[in-house]
Amino acid sequence: EYNMISVFLMNLGTNDGAWIDLPVDRKELSAFIRTNRISTPINEEYIIADFENEDFPISICEYTSVWELNEIAEEFFNLEDYEQEIIRAYMESCSSSFGEVKELIEDHDDFFLVSGIQDAYDLGYYLMEETLAMIKNLDTVVRYFDYEAFGRDCLLEGNMYLTSYGCLFC
């Protein structure tokens with residue numbers, strides 16, 4: 001079961017409009033637009049007048065294509081939970097622009113998310129544990145190491161982002 005994106009489509013000429021939950025089958029979307037007079041032969045132009053999308057906070061504007069939004073919503077909600085979290089973390093820390101998120105959904109293999117990392121100290125600790133796991137006398141080295149400063153410096157590099165989901169590595 002997945003949550004949806006709700007959009008209010010409105011005809012610009014008649015102001016007729018209605019809410020629909022995405023994603024839906026393309027035929028269902030077409031029938032909805034026709035049945036609710038969202039697009040008519042005389043007044044074809046319509047916009048997304050309002051939306052609710054807490055579970056997939058992609059940037060939507062009034063002229064976002066409902067057809068593309070429907071397609072990207074279907075692709076997103078068909079991803080595994082951990083893949084959705086990677087994309088949500090990216091939207092929170094980097095960008096929620098429609099084009100970038102669409103591209104990320106299609107190719108998110110270069111990103112990974114480590115949950116449980118909440119601050120620079122956690123990041124520094126995680127990176128040191130992963131990097132220095134094979135060093136003998138690691139306990140001695142670690143006593144002198146400033147995890148927080150190391151984590152903060154790594155965050156400044158720009159390819160790691162702290163999010164509410166954990167640390168996103170790009």
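## A three-stranded sheet, its helices and the cores

In this predicted model, three strands form an open sheet in the order β2-β1-β3, and their pairing is antiparallel. The strands β2 and β3 (46-52) stand at the edges with a single partner strand each, so one side of each has no neighbour in the sheet. Averaged over the sheet and with direction ignored, neighbouring strands are turned by 30 degrees against each other. The antiparallel strands β1 and β2 are joined by 6 bridges, and at Ile5 the bridge partner in β2 is Leu22.

Two helices can be described in relation to this sheet. Helix α1 packs on the sheet, where α1 touches β1, β2 and β3, and the direction of α1 makes about 170 degrees with that of β2. Helix α2 also lies across β1, β2 and β3, and α2 runs at about 170 degrees to β1.

### The nonpolar cores

In soluble globular proteins, nonpolar side chains tend to be buried together. The largest nonpolar core of this model has 34 residues, and the members that touch the most others are Val7, Leu9, Phe56, Ile58, Leu69 and Ile87. At least two residues of this core come from each of β1 (5-11), β2 (17-22), α1 (26-35), α2 (66-77), α3 (81-93) and α4 (98-106). The greatest contribution is that of α2, which gives 6 residues to this core.

Ile87 shows in detail how one such member is surrounded: leaving out residues up to four places away in sequence, Ile87 touches Phe56, Phe76, Leu79, Val101, Leu104 and Ile105. Another core, of 8 residues, lies apart from the one just described, and its members include Val114, Leu127, Cys154 and Met160.

Helix α3 also holds Gln84. This residue, Gln84, is buried, because its relative accessible area of 7% falls under the 20% limit. When neighbours within four places in sequence are left aside, Gln84 is in contact with Phe76, Phe77 and Leu79.

### Aromatic pairs

The model contains 12 aromatic pairs, of which two are set out below.

| Pair | Arrangement | Centre to centre | Angle between the planes |
|---|---|---|---|
| Tyr90 and Phe111 | edge-to-face | 5.7 Å | 80 degrees |
| Phe145 and Tyr147 | edge-to-face | 5.5 Å | 65 degrees |

In the pair of Tyr90 and Phe111, Tyr90 belongs to helix α3 while Phe111 sits in the loop between α4 and β4 (112-114), so the pair ties together parts that are 21 residues apart in sequence. With a relative accessible area of 12%, Tyr90 is buried, and Phe111 is likewise buried, at 19%.

In the other tabulated pair, Phe145 is partly exposed, with a relative accessible area of 27%, whereas Tyr147 is buried, with a relative accessible area of 5%. Both residues belong to a wider arrangement, since ring pairs link Tyr121, Tyr125, Phe145, Tyr147 and Phe150 into a cluster.

Definitions and conventions:
Residues numbered from 1 in each chain as written. Predicted model: local features only at pLDDT ≥ 70, side-chain atom pairs only at ≥ 80, totals over all residues. Heavy atoms only, no water. Core = buried A, V, L, I, M, F, W, Y, C linked by side-chain atoms within 4.5 Å. Buried < 20%, exposed > 50% of the residue type's maximum accessible area, 1.4 Å probe, protein only. Helix = DSSP H or I, 4+ residues; strand = E, 2+ residues; numbered from the N terminus. Contact = heavy atoms within 4.5 Å. Pairing = 2+ DSSP bridges. Axes fitted to C-alpha atoms, helices over the stretch in contact; angles between N-to-C directions. Phe/Tyr/Trp six-rings, centres within 6.5 Å; stacked < 30°, edge-to-face > 60°.
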